Amino acid sequence: MTGQRSVALVTLGCSRNEVDSEELAGRLAAEGWRLVDDAAEADVAVVNTCGFVEQAKKDSIDALLEAADLKEQGRTRAVVAVGCLAERYGAELAASLPEADAVLGFDSYAEMSDHLTALLRGHRVPSHAPRDRRRLLPVAPAQRHEVPVSLPGHQQRGPAREPADGPFPASGPPVVRARLDGRPWAPLKLASGCDRRCAFCAIPMFRGAYVSRSPEEVLAEARWLAERGVRELFLVSENTTSYGKDLGDLRLLDRLLPEVAAVDGIDRVRVSYLQPAEIRPTLLDVMAGTPGVVPYFDISFQHASAPVLRRMRRFGDAESFLGLLHQVRSRVPHAGIRSNVIVGFPGETEQDVQVLADFLGRARLDVVGVFGYSDEDGTEAERLDGKLPQEVVDERVARITELVEVLTADRAAERVGETVSVLVEEVDEDGRVVGRAEQQGPDVDGVTVLDGPQTPAPGEIVTAEVFATEGVDLLARPRGTGAH
C-alpha cells in the first residue's frame with residue numbers, strides 16, 4: 001500500500017524477547033503497519049533490548065546507536081527502545097542516549113502504534129518511569145490474575161481487529177503475534193516474571209512477579225504456530241518449573257506438555273529453564289515419557305559449592321545436583337543437559353572453584369554457559385562483602401571456560417554412533433545442511449551438520465547417525481546413505 005507506515009523490529013537477548021517482539025509485530029500489523037526486516041528500509045526502528053548482564057546492555061546500546069545512524073543515511077525517521085533495558089532504566093537511558101527518539105516500557109506495548117504514529121508526526125513521547133514491577137501484583141500468587149498488568153508475550157488487551165495474516169482461530173483465545181522469520185521452530189511463552197530472590201539477579205525487578213499463561217492461551221498459540229509451519233516449540237519463561245502455581249496447580253505443566261505435544265503439525269516440544277530445587281519426579285516422568293517432548297533438560301545450577309549457592313540465595317550442592325542428573329539419565333540415558341554457572345561471586349574461594357570444577361567433570365553436561373560475576377543495580381549481591389578483583393574473576397572465567405570446552409567436546413564425542421533426529425534449519429552458504437538434534441537447544445547449544453547425498457529442506461526432520469564431532473557440534477550421516 002502506497003504511503004503505508006513501516007516498522008522494523010530488532011531483537012536482542014533471549015527467546016522470551018523474541019516472543020515479545022512478535023507480539024509487538026502482531027499488534028502493529030493489526031494497526032496497519034507494514035513489517036520489514038531491514039531497519040534501513042523502515043520508517044521506525046524498534047529495538048527490543050536486553051538488560052540482563054553488562055555485555056547485553058552494551059550490545060543493546062550499540063544496536064540503538066546503529067539504528068540511530070540510519071536516520072542520517074536512509075529513510076528511517078525514528079528509533080525507539082523497548083524491552084528489558086528500556087523497562088529497567090527508562091528516563092535514565094533516554095537522558096544518556098538522546099539518539100533514541102523514545103524509551104518505552106512494557107506498559108506502552110498495547111498502545112505502541114499510537115506512540116510510533118506520534119513520533120512520525122513530530123510529537124514527543126514521554127520516556128518510561130521505571131518501577132519495581134514485583135509490587136504491581138499481589139504477593140499471593142492465586143490473586144495475581146485479578147489485577148490488570150501489562151505482561152509482554154501474554155497477548156493481553158489485544159487489538160480488536162484481526163491480524164493481517166489471517167483470522168483469529170475458533171479453537172482458542174485470539175493470537176496476537178506475527179512471525180518475524182521463517183524458522184521451523186518458535187519460542188512459546190508459558191509465563192512471565194519470577195518469585196525467586198537470587199542475590200545476583202535483577203530480572204524480577206523489571207519483569208515482575210510470576211504469572212502463568214492459561215493452558216487455553218498456550219494451546220491456541222501452539223496451534224497458530226503449527227499452522228504457520230512451525231515444527232518445534234520452545235517453551236520459555238523465567239522459571240518453567242513454577243508454571244501453574246498461580247493457577248492453583250503446581251502439576252499443571254505435567255498435564256499441559258502432552259496436550260502441546262499432541263497439537264497437529266508439532267513434532268517436537270522443548271522445555272527450557274528448569275530450577276533444580278523445583279524439579280519434581282512427576283515432571284521428569286512426563287518429559288521422559290511423552291512422545292514429542294524431546295530429551296532435553298535445561299537446568300539452572302549456577303554453581304556447585306554449597307556456601308556459594310547459599311550466598312546466592314539458592315539451594316543445592318554438588319552431590320544433590322549429581323543425584324538429580326542421575327534421575328534424569330535413569331529415565332533418558334541419551335538426554336541432552338545444559339546449564340549455566342557464575343564464577344567470581346562475592347566470597348567465592350579457590351576451594352569453591354575447585355568444587356565447581358570437580359562437579360563439572362563428573363556431570364557430563366552437553367553445554368555449559370560460563371559467566372563472570374558483575375554487580376547488577378539494585379540486587380542483594382551488589383551490597384555483599386567479599387568482592388573479588390576483576391582480574392581474579394576474569395582468570396576464573398577463563399579457567400572454567402577452558403575446562404568446559406574440553407568436557408563438552410568429550411561429551412559430544414560420546415555421541416558418536418548414536419542415532420539422532422535432526423530438525424533441518426538451513427542450508428548455509430557453503431552448502432552444508434545444518435540442523436539440531438533433539439538434545440540441542442536453539443542458538444547456543446551447538447548444531448548437527450548432515451553429510452549425505454540428499455539436501456533436505458529446512459523444516460524436514462531427518463534420522464541420522466553421528467559419525468564425528470567438532471567441539472560440541474555433531475556430524476551425522478542420514479540413515480540409508482553409505483560412507484564416503
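Residues are classed as buried under 20% relative accessible area, exposed over 50% and partly exposed in between, with a 1.4 Å probe and protein chains only. Helices (H or I, at least four residues) and strands (E, at least two) are DSSP runs, numbered from the N terminus. The structure is a predicted model, in which local features need pLDDT of at least 70, side-chain atom pairs count only at pLDDT 80 or more, and totals for chains, interfaces and linings use all residues. Residues are numbered from 1 along each chain as its sequence is written, and side-chain values use heavy atoms, with hydrogens and water left out.

The protein chain holds 12 helices and 18 strands. Its radius of gyration, taken over C-alpha atoms, is 23 Å. The globule rule (2.2 Å times the number of residues to the power 0.38) also gives 23 Å for 484 residues, so the chain is as compact as a globular protein of that length. Along the principal axes, the C-alpha atoms fill a box of roughly 60 × 60 × 50 Å. Of the 484 residues, 55% are buried. Contact is defined as heavy atoms within 4.5 Å. Among contacts between residues at least 6 apart in sequence, 75% join residues at least 24 apart.

Strand pairing was examined next. Two strands pair if DSSP finds at least two bridges between them. In general, strands of a sheet pair through backbone hydrogen bonds, either parallel or antiparallel.

Strand β4 (residues 78–82) is mostly covered, with five of its five residues buried. Ala78, Val80 and Val82 lie on one side, Val79 and Ala81 on the other. Both faces are covered. Strand β3 (residues 44–49) runs parallel to β4 and is joined to it by five bridges. Within β3, Asn48 stands opposite Val82 of β4. Strand β5 (residues 102–103) is also parallel to β4, through two bridges. Here Ala81 of β4 stands opposite Val103 of β5.

An open sheet is formed by three strands in the order β11-β12-β13, with parallel pairing. β11 (296–298) and β13 (367–372) stand at the edges; each has a single partner strand, so one side of each is left without a neighbour in the sheet. The twist averages 15° from one strand to the next. Axes are lines fitted to C-alpha atoms, for helices over the stretch in contact, and angles run from 0 to 180 degrees between N-to-C directions.

Strand β12 (residues 336–343) is mostly covered: eight of its eight residues are buried. Gly336, Arg338, Asn340 and Ile342 point one way. Ile337, Ser339, Val341 and Val343 point the other way. Three bridges join β12 to β11 in parallel. In this pair, Asp298 stands opposite Arg338 of β12. β12 and β13 pair in the parallel sense over six bridges. Val341 there stands opposite Val370 of β13.

The axes of helix α8 (residues 281–289) and helix α10 (residues 318–331) come within 10 Å and cross at roughly 35°. The crossing is right-handed. A crossing counts as right-handed if the near helix is turned clockwise from the far one by less than a right angle, and as left-handed if anticlockwise. From α8, the contact is made by Pro281, Leu284, Asp285 and Ala288. Leu324, Gln327, Val328 and Arg331 contribute from α10. These residues divide into five nonpolar, one polar and two charged. Ala, Val, Leu, Ile, Met, Phe, Trp, Tyr, Cys and Pro count as nonpolar; Asp, Glu, Lys and Arg count as charged; the others, Gly among them, are polar.

Arg415 lies in the loop between α12 (390–413) and β14 (419–427). Arg415 is buried, with a relative accessible area of 2%. Neighbours within four places in sequence were left aside in listing its contacts. The partners of Arg415 are then His334, Ala335, Gly336, Asp366, Gln439, Val466 and Leu474. One of them, Gly336, belongs to the buried residues of β12.

Beyond this loop, β14 takes part in a closed barrel of five strands. The barrel runs β14-β15-β16-β18-β17, and its pairing is mixed. The twist averages 50° from one strand to the next. β14 and strand β15 (residues 433–437) pair in the antiparallel sense over five bridges. Glu426 stands opposite Val434 of β15.
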